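Ready for some practice in reading a protein model? Keep the structure open beside you and try each task before you look at its solution.

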Amino acid sequence: MTDQRTAGGVSTGTPPGGVRRIRVPQRLRNTELWLLLLACLINVGAIVLVQLGALGRIDTQVVLLGAGLSVLVFGLHVAMRFVARDADPLLLPVATLLNGLGIAMIYRIDIADGESGWESASVRQIVWSAIAIVAAIATILALRNHRVLFRYTYLSGLVAIVLLLLPLVPGLGKAEGGAQVWIQFGNVASFQPGEIAKIALAVFFAGYLVRNRDSLSMVGRTVLGMRFPRARDLGPLLVVWALSMAVIVFQRDLGTALLYFGLFLVMLYVATSRLSWVVLGLSLFIGGAIVASQTLDYVGNRFANWLDPFNPERFDQDFGGSYQLVQGLFGLANGGLIGTGWGQGRPDITPVPQSDYIIASLGEELGLAGIFAILALYALFVARGFRIGFAGQDDFGKLLGVGLAFVIALQVFIVVGGVTRVIPLTGLTTPFLAAGGSSLVANWIIVALLLRLSDTVRNHPRLVIDG
Amino acid sequence: MSELTLLVLQLGFLLLLWVFVFAIVYALRSDLFGQRVRKLQPDAAAAAPVAASAFPSAGGSAGVATEAVSHPAAPASGPGGETASTENAARLVITSGQKAGAEFPLGRDEITIGRSSDSAIIIRDDYTSTHHARLMLWNGRWMIQDLDSTNGTFLNGSRVTVPTPIPLGATVKVGATTFELRR
């Protein structure tokens with residue numbers, strides 16, 4: 001009897017008014033619990049193996065610190081048992097495992113660099129993870145219905161633009177590695193507001209497209225079998241394009257611009273199912289990128305490094321050369337099929353091995369087998385996100401789910417593609433893995449939003465009658 | 001720690017990583033083949049239209065529903081009865097058609113009816129439009145609105161043209177399916 005509710009959303013013989021109150025066994029949550037336990041076991045195993053490989057002994061303090069994080073994850077799990085009982089059971093374990101693998105790798109690089117205590121990147125990463133998971137718990141407790149976000153469509157658009165512009169405010173912004181995307185809070189912490197902006201943008205795009213999709217998809221003239229939109233409907237596309245180009249020019253951040261623009265294009269395509277928008281958008285972006293590569297030094301450098309990284313001149317270049325790219329490739333090659341083993345490779349030779357290049361570091365120590373497992377985890381995560389979007393009942397939820405999942409997918413593609421020389425290298429954080437607080441907070445909030453969406457999807461009763 | 005131990009530990013770790021991946025894929029399998037499960041009707045509802053005798057396993061309600069199938073005129077007896085509201089209506093019962101006897105819980109959300117897969121009640125027959133009708137709450141009362149469907153929505157036999165409050169136990173007809181709201 002209880003199974004019928006979970007299987008078909010149709011209950012038979014339930015007392016009036018008690019439909020929602022029935023205590024069904026939380027099958028989904030129990031699956032999640034087992035997977036979470038396995039994920040935490042692997043995470044602790046990773047840290048222990050790092051210590052065995054790099055130090056030759058076990059330092060219980062760090063293990064305990066990592067275990068403390070597991071407690072928070074289980075806190076999120078318990079919170080979901082109360083407020084999101086029917087949420088997807090796979091997202092949380094995958095995110096937990098990726099986050100833990102990232103922490104283990106960052107810790108391993110800290111050991112190589114001889115850093116420890118509160119100054120080290122790994123401890124900061126653990127603290128940020130804690131903040132991020134608390135943020136996710138807060139999101140899932142505060143946001144009981146994702147439709148609330150629909151009301152704040154234009155507000156979130158405004159928030160996104162303000163967040164994007166924050167790093168350009170003199171005195172607040174901070175440039176690092178050529179890109180001006182951080183804001184600094186005293187000497188304590190720096191934050192990358194663009195990471196949060198991507199969530200606000202996804203909400204804005206979803207709301208905007210649900211409101212205007214008819215005029216975007218129905219009206220326009222047909223050229224070469226494709227329907228092209230009217231000029232007035234083209235407005236938002238051009239605004240977003242101009243915005244992302246401005247990000248490239250003023251903040252010198254190619255990856256983020258690519259991310260925002262790709263997000264908008266995909267959501268536009270999903271909302272209108274018009275290929276013409278994608279063609280139009282891609283040609284705009286490629287045009288913009290070509291112009292940028294000709295006129296902006298750092299963009300041109302990236303292209304040159306991508307095409308000809310093994311040229312000794314490029315390799316030895318002091319700034320903007322291909323040293324990092326080539327070292328990353330050497331690292332991956334050194335890893336081979338099963339890797340050198342935790343703590344036994346030399347990922348620390350590559351510049352910034354714990355953030356932009358964490359995937360190369362993991363590739364070196366875990367090998368092809370490990371990298372493929374990580375990519376499979378990302379694929380499963382994104383597939384769940386798309387699935388949630390696909391199964392959704394309302395258009396806003398559908399678009400938001402697809403948009404959020406696609407953000408993760410595109411980010412992984414841009415980073416891993418850049419490191420493995422499939423596309424020109426651009427600096428973006430690998431979701432959940434890379435060192436960086438703002439990215440962790442943003443991605444955990446995305447997890448919370450997807451969980452909330454999936455709960456609504458399953459909770460919404462459906463009855464199918466085939467005539 | 002010898003190199004061999006570390007190698008074995010490394011292989012064990014990779015194995016565990018892949019065990020996790022496959023555990024997730026295994027948990028997914030219900031989802032991959034889950035579409036059919038969702039369409040499966042509850043046992044009682046399936047049995048109701050086939051056999052005239054009520055299946056007691058579904059509790060009292062299915063018995064009532066089967067009764068309604070054999071006497072379709074019976075529930076229409078109260079057209080002037082009290083309007084279904086959040087206080088007095090708890091479920092929507094299919095009284096005739098493929099799924100006679102099936103129930104649908106009434107929450108506070110509107111219920112869309114149509115062929116499209118994003119409807120709350122999906123009816124796939126030749127007479128139902130993509131977005132056929134919807135049940136919505138207006139001041140706590142359940143209203144039926146026809147969404148300009150081709151074959152119309154009927155409340156107690158008369159076609160619904162404007163959003164109309166639904167009396168408790170009145171017959172609503174969409175395509176070949178009829179249903180009513182009950183306590």
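## Getting started

Chain A has 17 helices and 6 strands. Please keep in mind that this is a predicted model.

**Exercise 1.** Find what share of the 467 residues of chain A counts as buried, and what share of its contacts joins residues at least 24 apart.

*Solution.*
- Step 1: Start with burial: 50% of the 467 residues of chain A count as buried.
- Step 2: Now take the contacts in chain A between residues at least 6 apart in sequence; 69% of these join residues at least 24 apart.

## Helices side by side

**Exercise 2.** Work out how helix α2 (residues 27-54) of chain A is oriented relative to α3(A), and which classes of residue make up their contact.

*Solution.*
- Step 1: Look at the axes of α2(A) and α3(A): they come within 10 Å and cross at roughly 170 degrees.
- Step 2: Angles over 145 degrees count as roughly antiparallel, so α2(A) is roughly antiparallel to α3(A).
- Step 3: Find the residues that meet. On the α2(A) side they include A:L36, A:C40, A:N43, A:V44 and A:I47, and on the α3(A) side they include A:G66, A:A67, A:S70 and A:V73.
- Step 4: Sort the contact of α2(A) with α3(A) by class, and you get 12 nonpolar, 4 polar and 3 charged residues.

**Exercise 3.** Zoom in on A:G66 and decide: is it buried or exposed?

*Solution.*
- Step 1: Locate A:G66 in helix α3 (residues 60-83) of chain A.
- Step 2: A residue with 20 or more C-beta neighbours within 10 Å is buried. A:G66 has 22 C-beta neighbours inside 10 Å, so it counts as buried.
- Step 3: See what A:G66 touches, leaving aside residues up to four places away in sequence: A:N43, A:V44, A:I47, A:I103 and A:I126.
- Step 4: Check a pair that is separated in sequence: A:G66 and A:V123 are 57 residues apart along the chain, and their C-alpha atoms are separated by 9.3 Å.

**Exercise 4.** Now compare a different pair: at what angle do helix α11 (residues 275-295) and helix α12 (residues 297-307) of chain A pack?

*Solution.*
- Step 1: The angle between α11(A) and α12(A) is about 100 degrees, and their axes are 5 Å apart.
- Step 2: Therefore α11(A) is roughly perpendicular to α12(A).
- Step 3: At the contact, A:A292, A:S293 and A:Q294 in α11(A) meet A:V299, A:G300 and A:F303 in α12(A).
- Step 4: Those residues divide into 3 nonpolar, 3 polar and no charged.

**Exercise 5.** Test whether the length of helix α4 (residues 91-113) of chain A agrees with 1.5 Å a residue.

*Solution.*
- Step 1: The 23 residues of α4(A) should span 33 Å at 1.5 Å a residue.
- Step 2: The end C-alpha atoms of α4(A) are 33 Å apart, which agrees.
- Step 3: Consider its surroundings too: α4(A) is mostly covered, with 21 of its 23 residues buried.
- Step 4: Just past the helix, α4(A) is followed by A:G114, whose phi is positive, near 70 degrees.

## Strands and sheets

**Exercise 6.** Trace the open sheet of 6 strands in chain B and name its edge strands.

*Solution.*
- Step 1: The strands follow the order β2-β1-β11-β10-β7-β8 (chain B), and their pairing is antiparallel.
- Step 2: The edge strands are β2 (103-105) and β8 (158-159) of chain B, each of which pairs on one side only.
- Step 3: Pick one pair inside this order: strand β10 (residues 172-174) and strand β11 (residues 177-182) of chain B pair in the antiparallel sense over 3 bridges. B:V172 stands opposite B:F179 in β11(B).

**Exercise 7.** Which strand of chain A is joined to strand β4 (residues 121-124) of chain B, and over how many bridges?

*Solution.*
- Step 1: Strand β6 (residues 463-466) of chain A is joined to β4(B) by 4 bridges, and the two run parallel.
- Step 2: A:D466 stands opposite B:R124 in β4(B).
- Step 3: Within chain B, strand β3 (residues 111-114) pairs with β4(B) in the parallel sense over 2 bridges. Here B:G114 has B:I122 as its bridge partner.

## An unusual backbone angle

**Exercise 8.** Describe the phi and the exposure of A:R421 and B:N139.

*Solution.*
- Step 1: Recall that most residues other than glycine have a negative phi.
- Step 2: A:R421 is not a glycine, yet its phi is positive, about 65 degrees. A:R421 is found in the loop between α16 (395-419) and α17 (437-459) of chain A, and with 18 C-beta neighbours inside 10 Å it counts as partly exposed.
- Step 3: B:N139 is not a glycine either, and has a positive phi of about 55 degrees. B:N139 is found in the loop between β5 (133-138) and β6 (141-146) of chain B, and with 8 C-beta neighbours inside 10 Å it counts as exposed.

Key: Residues numbered from 1 in each chain as written. Chains lettered and ligands numbered in written order. Predicted model: local features only at pLDDT ≥ 70, side-chain atom pairs only at ≥ 80, totals over all residues. Axes fitted to C-alpha atoms, helices over the stretch in contact; angles between N-to-C directions. Parallel < 35°, antiparallel > 145°, perpendicular 65-115°, else oblique. Contact = placed C-beta atoms within 7 Å. Nonpolar A, V, L, I, M, F, W, Y, C, P; charged D, E, K, R; others polar. Pairing = 2+ DSSP bridges. Expected span 1.5 Å × (residues − 1). Buried ≥ 20, exposed ≤ 12 C-beta atoms within 10 Å, placed from the backbone.
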